[in-house]
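Biologist: Could you take a close look at the aromatic rings here and at what surrounds them?

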Amino acid sequence: MTTTAPGLVLHTPEGTRFTFDPGALCLEFLTTGGPGALARHEVLHAPGDLASWARSSRLALDPSLLQVGAGELAAARRLRDALWRVARATAHGRPLPAEDLSQMNQAASRPPLVPQITADGARAWGLPAEGSQALSTVARDAVELFSGPLAHRVRECAAQDCYLVFVDTSRPGRRRWCAMERCGNRNKVRALRARRDTEERTTP
Ligand SMILES: [Zn+2]
């Protein structure tokens with residue numbers, strides 16, 4: 001599920017909204033929090049939070065149609081943290097952590113969401129849909145991404161203080177930033193300032 005999508009609306013620490021499309025469903029899941037220092041971004045506190053994410057993600061699943069139990073919420077956090085470690089290992093060319101891969105494979109072995117097509121040609125999901133199915137769909141997407149031809153295009157945003165991970169699906173393959181409107185622009189401003197400072201120092 002690496003097709004284009006509207007992207008997720010995120011907020012900077014200063015509260016500015018920006019749109020982030022990481023290029024794959026499984027990477028969209030990483031925006032819900034994560035292990036270690038990423039715990040401060042945790043948004044999966046109650047079962048309904050997983051359903052809310054499923055709506056804003058490229059699954060575009062109506063949250064009222066997704067049944068999530070407390071056990072599935074805990075499984076969601078475990079899968080997400082495993083995906084983080086696999087994503088970072090992939091981005092940095094390190095060996096993939098075996099325990100996390102087995103977590104991912106286990107989630108992928110469950111029945112996934114069932115895609116359906118409506119009379120007007122739109123995609124919908126078969127019902128009832130359960131949390132473990134959504135997690136299986138995410139895990140299967142991760143298997144495809146990390147074992148597929150775009151695995152070497154999985155990158156961390158080039159900004160020093162940005163933790164976001166994306167897959168560069170562009171033809172030229174030169175994407176550096178989570179979003180131009182966020183880190184891309186900040187970098188431009190910084191580069192401009194640095195150039196001005198150098199010019200001021202070298203101008204007699
Ligand atoms: Zn960034």
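Modeller: Counting rings of Phe, Tyr and Trp (its six-membered ring) as paired if their centres lie within 6.5 Å, one arrives at two aromatic pairs. In one of them the ring centres of F29 and W53 are 4.8 Å apart with their planes at 55 degrees, so this pair is tilted, given that planes under 30 degrees apart count as stacked, over 60 as edge-to-face and the rest as tilted. F29 belongs to the loop between helix 1 (25–28) and helix 2 while W53 belongs to helix 2, so the contact ties together parts 24 residues apart in sequence; helices (H or I, at least four residues) and strands (E, at least two) are DSSP runs, numbered from the N terminus. Both F29 and W53 are buried, where buried means under 20% relative accessible area, exposed over 50% and partly exposed in between (1.4 Å probe, protein chains only).

This is a predicted model, in which local features need pLDDT of at least 70 and side-chain atom pairs count only at pLDDT 80 or more, whereas totals for chains, interfaces and linings use all residues. Residues are numbered from 1 along each chain as its sequence is written, and side-chain values use heavy atoms, with hydrogens and water left out.

For W84 and Y163, the ring centres are 6.1 Å apart and the planes stand at 40 degrees, so this pair is tilted. The pair links distant parts of the chain, 79 residues apart, with W84 in helix 3 (residues 70–91) and Y163 in the loop between strand 7 (154–156) and strand 8 (165–167). W84 counts as buried because its relative accessibility is 1%, whereas Y163, at 24%, counts as partly exposed.
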